Structures are given as structure tokens and as C-alpha cells.
Amino acid sequence: MSSFLGPYSLYLHIPFCRHKCGYCDFNTYAGKEDLQPDYVRALCAEITQFAEAAGERLPLHTVFFGGGTPSLLTSQQLEAILSAVSEAFELLPDNEITLEANPGTVDLASLQAMHAMGINRLSMGMQSANPAELRILERQHDFDDVVQAIDWARAVGFENINLDLIFGLPYQSIGDWQRNVELALGLNPEHLSLYNLTIEHGTPMEKQVGRGLLPEPDPDEAAEMYIWTMQHLNAEGWRHYEVSNWARPDDNGEPLACRHNLQYWRNLPYIGLGAGAHGFIGGLRVADVLGPGVYIERCLNGALRKFPRTAATASVNEIGPYTEMQETMMMGLRLLEEGVSSSDFEERFGKQLEDVFAEEIAYLRGLGLLEKHDDRWLLTGKGRMLGNQVFMQFV
Amino acid sequence: MSQEHIRNFCIIAHIDHGKSTLADRLLQLTGTISDREMQAQVLDTMDLEREKGVTIKASAVRMMHTGKDGQEYELNLIDTPGHVDFGYEVSRALAACEGALLIVDASQGMEAQTLANLYLALESDLEIIPVINKIDLPAAHPDDVAEEISNLIGSNPDEILRISAKDGTNIEAVLDVVVEKVPPPKGDPDAPLRALVFDTHYDSFKGVVAYVRLVDGKIAHQDELELMATEAVIRPVEIGVFAPDLQATKNLSTGSVGYVATGLKTVNESRVGDTFTHNEQRAEEGLPGYQEPKPMVFAGIYPVEGEDFDDLKEALEKLQLNDASLVYQAETSQALNFGFRCGFLGMFHMEIIQERLEREYDLDIIVTAPSVEYEVLMKDGKTLTIDSPAELPDEGDIEEIGEPWMEIQIFTPTDYYGAVMDVATKRRGIYVSEDYPTQGRVQLNFEIPLAELIVDFFDQLKSRTRGYASLDYQFKEYRPEDLTKLEVLVNKESVDALAAIVHKEHAYHKGQALITKLKELIPRQLFAVPIQASANGRVISRANVKALRKDVLAKCYGGDVSRKRKLLEKQKKGKKRMKMVGSVEIPQEAFLAVLRLGDD
């Protein structure tokens, strides 16, 4: 066990989709719905095995159902998973439990059930409000489905809702993007995740672009969209707390950030369970097997393994202290307001950040990409646009 | 072994016609190498050779075979390099043989490359033994191929051997026909020693190992020997034969093939084409055909990171131990700092050296665009020899620039006559004459500046003739030409390593093409980078590499930090391979852009 006292975060992967979108390279599968009941049993088994290996009920402050499309699970299945979680872990009272949902896969009753079982944050895959763009992305819903889903969610009591949108799409103009953002804002979400499209290797979209069936998006236009978004949301009172994430301030003026994702960015320990899920705990980065079939097989038949492994663990990598320091920089600098605190760093690693990375800091400062505000190292305005040039120095 | 029982031969074949497979079969059949030790292409020991399927260094192997007459024969197979850059090395290897197996693919027939080598072999007076290989292929048409060969070299089509090296058909007959047809070496055993050096390699224990063919006289392992051209005197560390690895013996007899481990520390003292004789009883003159290695193509090689300079130096020293034709000297570039000016036999040779530095020595290097050697006559009457555009003096001080011209011969099927004409004349080639050595084949002779030859000429020739054409070249003379320096400015600074010497007529067009290409190849930086080409102080072309505006990974991939890290590592690695020139990162490809300006 590490010296970390918690609280921890728990990621649960649900690798099912009705259709795999053309741009998506996540570990998710369409047409394997018949595996769902077994998968849920396997996931519950893995949760239990993990807790057994830990020998204690670790304290959790966030749970995140990611996918895939977790909203494809039935209420009973979600309930079963959550009750396995609360048995295996100590779910802290002030928790954040997020579920990723696709519009068109939820209804009033299912949302009602989710809220009742303790899920208190919804992350809705809106992606765009424009029918032509949704077609290019191969999404299975339209904007009306989003409006309807949000209405229902509000009606059953959800008070923390995120909308996912993608910009820099083929054919998308800055005007198109601005309309998408305005329509999203009209739904009064608490949180916005606005991602620049990456055309991932091996995806159908990559092939379409390669064959000239889709134009390759112009990176300069995407830059314009990003700049406009920063300015516009800032003027609307939003807080740009991470490269791709914005949150409304709460009553205390703090951004209503996704606490689960903050755990990643602060490079703090999290547990990842489910097919292809990643965890970082006890100084180890672990990952589970990718395929749901193998995953089920392993979890239902496997023996107990040494913490933090489970029967489904496929890879384990030890992170040395220097790598952990690097990753703390690489992830932490994504947090635009918080950055990496010099004193926290010293407390955690027993070393001065400025000594460990003297050369990198001098280089990046010289380029005007990095700056220090009081105790915190932060990306500059230019650095936000060119984050990779900064993060790269810490790998 | 008595002279009567020695046969020295080589194999002539087009690439892919099965030379290496046949060599492997012969080795197996004669028990020279056991099946267990068998590794495809035994003779090509370098990884690069296996990959490219081309022999870069010559090598030799001795096989013992009992002939049909029941007597035992020593068969020495000498493998020859397979590229036009190594023409001299090929000629020396052929000079060590009395016969050659001409291997022709039963499905493809005679090809141009084979023809070129065949002519070389005929010039060396070798007995040519045609062999039709790959008769196992469904598409084989050995009768037609036999007819074709017979038209060319006048042998009886029915007597031509038909084999399959792949499945082993008729391999024994190949050995028998070598014994029967290849004449035994002539040579006088009682004359003063003359042994031809046809290749060398460096061994850290034995020093330079010279591969020799004894023409006259004998060698005993205690003999004091002299190399006639370099005048180096040595007492061999060891002498021996290739069996197929080095196997020490006490004597080497007249006509045989073996090695002399010289103990010499550099190949400069023991060069291909030189003649060993006895120090006590010298031969009157060396064997004919010796030439000093003459580099034709010059390029700068620089470490990407300045601190790797010493490693690069050491690597070049080591490579030169095995390769006397590689020359280098330290040079300084304003843009690239400290590196080496290197001379190569040709572009292929240059690529080989570049790849070996990168792979075998794990160095990140920048190779600048190759240049030829110019003779610059100055107004004050002096003549300068320069091999780098950076060295070209001020235009005002120059009376005349002499450019090296070559004679080239291109063999091709007649169908590609027009294509070959086009490729050559577009590159300032001047048509001289044509010959028709065989039905359907033409040899076209041109004169062309060497500078045009080294700029993707061979690639273009190959692609326009679907690989059928082959090329041979020799130096002709220096001719005064109207040349000028094309300079390139990156971020307003002249980058000497990107400059080129071009014909004035082409300066404008080449300058534009070069800038277009550079704009593609130089990645976007944190600031906008203007690039310009100029000649005679006049800007010909300009473009801007736009500033990088946005470069940041959008998503976190569900806590998969390793993946994010890997993506960043990849990006960083790409960056590290670029050379910092001023404040601009320039990738290797940009320095060779002038070679890839294309046809139009």
C-alpha cells in the first residue's frame, strides 16, 4: 500500500455502444449487447476482488461510469454495480458519481432511477447541434434528443450536468461552432467539455480523410474557434479550469469542476475497473484486458492476485519517483488556474520543483510558454495554445 | 592443389534472378556449409545487404568438388558487388576469375542489368556459362530464354543448363560444368609473386585482411610481402582460404584464391586492385587495372547534437577501415557547426554510409545535399577545386567554372527508347550514339553533367523504364559551364548547408521549386519563418512557414496517462531529430530537398 491516505477515485468502464462513431478509437464495441449481463456480473466480481486484495475498504470520493455508453445499462444493472461499489469501498458522503450518457439512450424513468441510486452528475454526449455535423460524426441522435434528455434530467433532480462538444470538424466554420456553443449554453449546463477533434489512427474517419472523402480540418481554424470560445465563455462568467474544460462557479466562487478528472490531472491515485480501464495506485499504472469477452472470462474464473491487480489486469508498470514528478508536471499544467504548486510538489516529493526541472523551466520561460504566479507554475496565454510543446519537456 | 584442379568463377545475375539462392545451394551441396549452419544468403553478411538484396562488399568462398573424372577440384566462387557505384570493385573481382555463370530467370529472360555485367565479364575475357534458373515456376519459358541467350553469346541453346536453385534441380550439373568449361588459371608458379587484391576487410585482431587471387608465384605464411602500389611492406599475421570462414593455411599456390591478414591498421595501405609481391624477389610490374579510389559525390555529415561530434568521428574512422573509397575531413558550416565533408563513389554508396551510421552506430545525423567537384578558374589565374556550394567564391572573382561531365551507357528494352531519351535530355544530357546488341535491346550513349546524374537520375530512369534500364558511367572531362550559386535564407539567415550550385538557365525554376518543397518540409515553428531563395544577389522565390498556432492534446482518455505520455514522447523524438539552425528546427529531409524537385 502506498502512503496515500485518500480519498481515491474509481473509474468503471462500460464498453458497449449501439454504434461506434467514425472518429472514436476508445475501447468500445457495437453489436455485443448480449454480453452485457455477464459483463455486469464480471465487473461486480472485479470490484469485489479488488477490495479483497486491498484488504480494506478504501475511501472513495468520486466514481465515474465511462464508456462506451454506460446509459445503455439497465437500472438494475447500474444498481448492482453501485451496490458492489458501496460494499467494497467506503463511499464518502460528499461524493461525486458521474455517468456518461448518450442522448436517445435515456428516458424519464431511467434518469429517475439513476438519480435515486445516487448518481449525481450526468455527462451528456451532445457533440454538436448541427444535423450535418452529427452525420459526419456518425452520432445516433439529434439536438432535440439532447434538449429532451436535459429536461428530463432536470425534472428528476440532476443539478450537475456536463455537455461534451467537439470542434474543428470537417466542413465546420467558426460560425457553425459558435451556434453549437450558444445552443449548448441555452441548456444551462454546469460544465462544458469542449474537445478539439483529433483524427485518430485506425478510425473510419481517418480513412475517409485519407481517401479525400472528408476534408482534413484546418488547424488554424480550430485555433480560431478555441480562442473565440475562451473569450466568449470568459465573458459569460465561465471558468476555464482545464485545457478542454470549463465550469460555472458555485456559490463560493469555486468552479464546479469535475472532481473525478481533477484526480487524474493532479496525478493522484485512482482505480480503474472494467475492460481496458486504467488505474494508478501504489506507484503502479495498471490496465485491464481490452476485450469484453476475455474480461468476463477472467473475472468470473480468475484467482485473487496481489494488490492492486485483479484477475483482469493485463499490464502493470511501475512509475519511479522521477517519472511521477514528470507526470505530475505533464498532467498538472493542464489545469490552467491551479497549475502545479511548488510547495505541494516539495511536500509530495521532498524535492524542489525548480531544482528538478531547472533546465526545462528556463527553456519554456524563455519561449514565453510557462510562468509562475505566487506559488504556482502555470501555462501562459501562449502556452495554453501550445500545451504539447510544454508537456513534451516533461517526458 | 595443382593449378589444373583450380577453378575461379563468379556469378552474373539480375537482382532477384536467384544468384544468392544458387550460391547457397552450391555451398550446401559441396558440404562447405552444413544444413544446420545454413542461413539464407550466406555471402551477404551485412544486415543491409540482406535487406536490400544487393551485395555491397565482395566476398569469396572455396568449395571442394569431385568432378565426373573422379578427381577433386577446388572451386572458388567470388561474389561481386551489385551496383554501378562499385564498378571498379566489380572489375577487380572479375579480374580474379576465369569464368562466370550467367544466371537468367526462366520466366523473365535476359534483363538489362545482366547485360551490362555480361559485357564487363566479356571484357575481362571470362568463359561465360549460361544457366537458366527458376524452371520450377509456372510462368517459365526456358526454350525462349535459351534462344535469347544463344542469340546473344552464340552458345548452342540445347546445351544451356536448366536448373531450379529453389528446389535443387540440376545443381550438381552446375558444379560439373564449372569444372568442365572454366579454364584452369594460367599463371607461372616459378615467376616472382603477383597476387591481385580484389577486396579487403578490417579485423580487429588481424588488421586489414586482403582477399587475394594469386596470378604468378606462391605465398608461404612466413614470407615478407610488399604491396606494389602503396609500397607497404608486411609480414602476414596469417594466410589462408575461405572455407567459408577464414581458415589459416601454410601456403597459397599459383592460381588459388585466399586471404592475407596483413596486420595493417588502415585499408589505405592495402587497396583493392593492388598487387602483392615478395619483398626479396620483386615482380617487375604490378597487375594492370589498379586505380586510386576516386570519390565522385561529396556531402556534409553533421551530428544533430553537437556533442555527438566525437562519436561521429569514431564511427567514420571505423567505417573507413573497411571501405577505402570513403574519404572524409572535418569541416565547419555556419548553419550546422562541426561535421565532416565526405566523399563517396556515388549516391548508393552515400546512402549505405548514412544508413550504417544511423543503424550500426545509432547516431542522429544530418546529411546535406550531395555535390560534385568543380574546377573554378579565378580571374587571378589560380584554379580552385571545390566540392561544396559553400566554398564557391564571389561571382566577381570567377573567370570560369568547370563542371565534371560523364559518359553514360544505358541499356534498355527498345520500348523505353523515348522515355530514356526524355530522362537524359531533360537533365542536360547530350545524345551521342546508340547500339543494338541484341533483338529488342538498345544501348544509348550520352554525355551528361555528373551533377545531373546524382540528382535522382537513376530513380527516374528506373521508374520510367519499369526497372528495365541499367546504367553505367565513366568520367569524361571538365567543361566550362554557366553556373551560379543558389542560396537559401531561412529566417533571413543564409543557410550554407541548403545552398546548391545550379546552371544559370535553371536557377529561377529550381529556386522556386526548392522553396515550395522547403515550405512543405520545414514544420511550423512557434513563430512564422520566412524562407527565400536567391541567386546573384537577387531573390528568386519566397514563402512563409506559418507559425504553429495550436498544439495541445485535447483529451485525457479515461485516465490512460501512459498513452498521453507516449504521444508526447513520439512528438519529442521527432523534434530531437531536427537540426537547430539559428532558432529554426530543420528536419533532415529539408537538406536533401534539392534532390527531390521532380521532373516538372
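In what order do the eight strands of the open sheet in chain B stand? I began with this question, keeping in mind that the model is predicted. I read the order as β11-β10-β16-β7-β8-β15-β12-β13, and the pairing in this sheet of chain B is antiparallel. At the edges I found β11 (233-234) and β13 (246-249) of chain B, and because each has a single partner strand, one side of each is left without a neighbour in the sheet.

I then looked inside that sheet at strand β12 (residues 238-242) and strand β15 (residues 257-261) of chain B, which pair in the antiparallel sense over three bridges. Following one residue across, I noted that B:Ile239 stands opposite B:Val260 in β15(B).

Next I turned to chain A, where three strands form an open sheet in the order β15-β17-β16, with antiparallel pairing. Its edge strands are β15 (340-341) and β16 (370-373) of chain A, each of which pairs on one side only. I looked up how β15(A) is joined to strand β17 (residues 376-379) of chain A, and I found two bridges between these antiparallel strands; A:Val340 has A:Trp377 in β17(A) as its bridge partner.

Last, I asked where B:Tyr374 lies, and I located this residue in strand β21 (residues 374-378) of chain B. Is B:Tyr374 buried or exposed? I entered B:Tyr374 as buried, because its relative accessible area is 3%, and the cut-off for buried is under 20%. Among the residues that B:Tyr374 touches are B:Ile401, B:Pro404, B:Tyr478 and B:Ile501. B:Leu384 is also one of its contacts, and these two residues, 10 apart in sequence, are 8.1 Å apart in space from C-alpha to C-alpha.

Conventions:
Residues numbered from 1 in each chain as written. Chains lettered and ligands numbered in written order. Predicted model: local features only at pLDDT ≥ 70, side-chain atom pairs only at ≥ 80, totals over all residues. Heavy atoms only, no water. Helix = DSSP H or I, 4+ residues; strand = E, 2+ residues; numbered from the N terminus. Buried < 20%, exposed > 50% of the residue type's maximum accessible area, 1.4 Å probe, protein only. Contact = heavy atoms within 4.5 Å. Pairing = 2+ DSSP bridges. Lists of a residue's contacts leave out its neighbours within four places in sequence.
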